[in-house]
Amino acid sequence: MLQRIQTVWIFLAIIGAVFLFITGQDFAVCGPVPFISVVCVILVFLGFISILSYKDRKRQSQLNNISMIINALLLGLLAYWLLTLSGGIDFPVKGIEPLFPLLSVICLLIANVYIRKDERLVKSVDRLR
C-alpha cells in the first residue's frame, strides 16, 4: 500500500536529500562536495528502498532510523563547515544547506510514528481473529 501517509513523509525526506545534492554543488570551491554528493545518493537510495518495503514495517522503520543517523551526521558536518568558514554564519550569504538534513530527520521521525501506529493496528486486528 504505497498510498499510506508515511510514504509521503519518506518521500519528503528524499526531496530534502535531492535539494541538498542540488545546493551542495554551490560550495564546490572549498567544501566536501564529493562526500556530500555520495551521502545524498545513499540517502535517496535508502529512502526508495524504505518506500518499496511497505509490507515489512519493521525493516521500513529500521531503514528510516539509518537514514536519520546519516542525516544527523551530515547536519553536524554541514554545521561544522559553516562555522569554520571565514566571516561567521550569515545564512543569506552562506546558504541554507543544513536545513535540508534537519527537515529530513523531522520527516523521517513523523514517518516512524505512523509506521508504529500501523504496526499497532495490524497487531490489534490479529488479536481479534
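This is a short dialogue on reading a predicted model.

Visitor: What does the secondary structure of the protein come to?

Guide: Start with the count of elements, then take their order. In this predicted model, the protein has five helices and zero strands. Along the sequence the pattern reads α-α-α-α-α.

Visitor: What share of the contacts in the protein joins residues 24 or more positions apart?

Guide: Contacts can be sorted by separation along the chain. Among contacts in the protein with a separation of 6 or more, 71% are between residues 24 or more positions apart.

Visitor: How many of the residues are buried, as a percentage, and what supplies the exposed area?

Guide: Take the interior and the surface in turn. Of the 129 residues in the protein, 38% are buried. The exposed surface comes to about 7800 Å², and carbon and sulfur atoms supply 73% of that area.

Visitor: Which residues make the nonpolar surface patch?

Guide: A patch is read by its members, then by the elements they come from. Here V18, F19, F21, I22 and V41 form a nonpolar patch of about 430 Å². Helix 1, residues 5-23, gives the largest share of the patch, with four residues. Both F21 and I22 lie in helix 1.

Visitor: Is F21 buried, exposed or partly exposed, and what does F21 touch?

Guide: Accessibility comes before neighbours. F21 has 35% relative accessibility, so F21 counts as partly exposed, since that value falls between the 20% limit for buried and the 50% limit for exposed. Leaving out residues up to four places away in sequence, F21 touches S37 and C40. The C-alpha atoms of F21 and S37 are 5.7 Å apart, although 16 residues separate the two along the chain.

Visitor: C40 is a cysteine. Is C40 buried or exposed, and how many disulfides does a search of the whole structure find?

Guide: Burial and bonding are separate readings. C40 is buried because its relative accessibility, 1%, is under 20%. C107 is also buried, with a relative accessible area of 11%. A search of the whole structure finds zero disulfides.

Visitor: Where is the place of S53, and is S53 buried or exposed?

Guide: A loop position still needs its own accessibility value. S53 sits in the loop between helix 2 (33-52) and helix 3 (57-84). Its relative accessible area is 4%, under the 20% limit, so S53 is buried.

Visitor: Which residues does S53 touch beyond those up to four places away in sequence?

Guide: Contacts fill in the picture around a buried loop residue. With residues up to four places away set aside, S53 touches R59, Q60 and L63.

How values were computed
Residues numbered from 1 in each chain as written. Predicted model: local features only at pLDDT ≥ 70, side-chain atom pairs only at ≥ 80, totals over all residues. Heavy atoms only, no water. Disulfide = S-S within 2.5 Å. Buried < 20%, exposed > 50% of the residue type's maximum accessible area, 1.4 Å probe, protein only. Helix = DSSP H or I, 4+ residues; strand = E, 2+ residues; numbered from the N terminus. Contact = heavy atoms within 4.5 Å. Areas by Shrake-Rupley, 256 points an atom, 1.4 Å probe, with all protein chains shown as cover. Patch = residues over 30% accessible without salt bridge, like charges linked within 9 Å, V, L, I, M, F, W, Y side chains within 5 Å. Salt bridge = Lys/Arg side-chain N within 4 Å of Asp/Glu carboxyl O.
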